[in-house]
Amino acid sequence: MREFVHGTQASRVVFGVGSLRRVAREVDALGVKRALVLATPGQTRLAQRVVDLLGASSVGQYCGAAMHVPIQAAREAGAEASRLAADGLIAIGGGSSTGLAKAVALVTGLPILAIPTTYAGSEMTPIFGVTEAGLKKTGRDARVLPRCVIYDPELTLGLPLAVSINSGLNGIAHAAEGLYAQNGNPLTDLMAEEGIAALARAIPAIRARPDDVDARSDALYGAWLCGAVLGQVGMALHHKLCHTLGGSFNLPHAQTHAVILPHALAFNAAAAPQAMLRIARALGRLGQCSAQQAMFELAQENGATRSLREIGMKAGDLDQAADMVVDNPYWSPRPVGPQARAEIRALLQRAFDGAPPEEPAASDPVDRSSKSTENQA
Ligand code: NAD
């Protein structure tokens, strides 16, 4: 048994079809009397539904959430919370809504109740991010961890199919990297494997019937577990690549994760054989093919985004992206420093072209003398 440290995060999880109807009780249990509901402009009606369910316990809604939390939106939402004397925040929607609530909570200390409607997992993490002048700053702070999370699969029935598949793969990516995290432990490993398996079961079922509430429940259950892993352990090369591509080249979040994941697994495969075994087992492909191939097939058979080219990456930016990844790497089981520049550039080219992940030769040498700096989600 390896040595480990495990800390339990203090958040309450309420899971079940129709559980949105419990929102007033949960808000009351938090001691919140004047909740401000936060959402994206596309989910205004859903935000209003929460305002209506809360009645006198809500002071209204602010629906200006956007991807990567622009500082302007964070300031506006914070000003609205202060103008209305809000004493709590309800984030309903995907990672953009939760991210906005976190940015406000970081400054005000207000408690958050999150109601996720995608599989991004931000609701289970103390990780925040705010984008200013084209630069996304991230960090961890216990104040931004939602105190309560309501998972209601009914709210995900209308999540468009393409978003659902890519978002499910975004969830899987947290658990996959969690399985080879430096600070992983037996409990996060169990959660990661179960989370990947649930999402991998759900993705084809949702593709077959997007309004299948059982499949949607499975997916949200997997998203919860994968998000919890993200909240507890450090992320590696895959997340560094996605943050670079999203933060500096403005590529969309979930689609970028869906494209990159098989390639990042291929890069780390020889350095993390136990993790790869668990990933392949969770995908139901143990002994049949590599983890990266199984991930690639899950994505492609279900219509996930395949290439960076199709989501707006420019071929001329691949060199700069490779430089950014190796100049300031996250810890990875296979080190990512200047010595890996050529391999990272080749990985990005494959992802750009939509090529299958590389299958490294079994005898590939692996240098484990990793040094790295950060590993935020
Ligand atoms: P998102 O929140 O931007 O949602 C994508 C779009 O789908 C939005 O237009 C939204 O209105 C719409 N939508 C969401 N749920 C819907 C539903 N059920 N039905 C119909 N439409 C729906 O996307 P996301 O992928 O959930 O989140 C991405 C953001 O979250 C990024 O900024 C990313 O950095 C952040 N994130 C943060 C963490 C963390 O731990 N801090 C973790 C994961 C993601």
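**Exercise 1. One face of a helix**

Which residues in helix α10 (residues 273–282) are buried? Find them, place them around the axis, and name what they pack against.

Solution.

Step 1. The model is a predicted one, in which local features need pLDDT of at least 70, side-chain atom pairs count only at pLDDT 80 or more, and totals for chains, interfaces and linings use all residues. Residues are numbered from 1 along each chain as its sequence is written, and side-chain values use heavy atoms, with hydrogens and water left out.

Step 2. Fix the terms. Buried means under 20% relative accessible area, exposed over 50%, and partly exposed in between (1.4 Å probe, protein chains only). Helices (H or I, at least four residues) and strands (E, at least two) are DSSP runs, numbered from the N terminus.

Step 3. The buried residues of α10 are A275, M276, I279, A280 and A282. They lie on the same side of α10, because they cover an arc of only 160 degrees around the axis. The arc is taken from the directions that run from the helix axis to the C-beta atoms.

Step 4. A general point applies to such patterns. An α-helix has 3.6 residues a turn, so residues three or four places apart point the same way.

Step 5. The packing partners of these buried residues are α5 (161–178), α6 (186–208), α9 (253–268) and α11 (291–301). Contact here means heavy atoms within 4.5 Å.

Step 6. After α10 comes G284, with a positive phi near 75 degrees.

**Exercise 2. Positive phi outside glycine**

Locate H68 and A85 and state the phi and the burial of each residue.

Solution.

Step 1. H68 is not a glycine, yet its phi is positive, about 65 degrees. The residue sits in the loop between β3 (58–62) and α3 (71–83). H68 counts as buried because its relative accessibility is 16%.

Step 2. A85 is not a glycine either, and its phi is positive at about 55 degrees. Its loop runs between α3 and β4 (88–93). With a relative accessible area of 42%, A85 is partly exposed.

**Exercise 3. The ligand and its shell**

How many residues surround the ligand, and which are the closest? Add the polar distances and the covered area.

Solution.

Step 1. The ligand is surrounded by 22 residues, and T40, S96, T117, T118 and T125 are the closest. A residue is near a molecule if one of its heavy atoms lies within 4 Å of it.

Step 2. By class, the shell holds 7 nonpolar, 13 polar and 2 charged residues. In this scheme Ala, Val, Leu, Ile, Met, Phe, Trp, Tyr, Cys and Pro are nonpolar, Asp, Glu, Lys and Arg are charged, and the others, Gly among them, are polar. Helix α4 (residues 95–108) gives the largest share of the shell, 3 residues.

Step 3. List the polar distances.
- H68: a backbone N or O atom lies 2.9 Å from an oxygen atom of the ligand.
- T117: a polar side-chain atom lies 2.6 Å from a nitrogen atom of the ligand.
- K136: an N or O atom in the side chain is 2.8 Å from an oxygen atom of the ligand.

Step 4. On its own the ligand has 860 Å² of accessible area, and the protein covers 83% of this. Accessible areas come from the Shrake-Rupley method with a 1.4 Å probe.

**Exercise 4. Two loop residues after α11**

Describe the surroundings of A304 and T305 in the loop between α11 and α12.

Solution.

Step 1. T305 is found between α11 and α12 (318–327) and is buried, with a relative accessible area of 9%. Leaving aside neighbours within four places in sequence, T305 is in contact with residues including N166, Q255 and E310.

Step 2. The side chains of T305 and N166 are joined by a polar contact of 3.1 Å. A polar contact is a pair of N or O atoms within 3.5 Å; within protein, one must be able to donate a hydrogen and the other to accept it, and residues adjacent in sequence count only if both atoms are side-chain atoms.

Step 3. A304 is in the loop between α11 and α12 and counts as buried at 8% relative accessibility. Neighbours within four places aside, A304 is in contact with I165, N166, L169, A258 and A299.

Step 4. A304 and S164 are 140 residues apart in sequence, and their C-alpha atoms are 9.2 Å apart in space.
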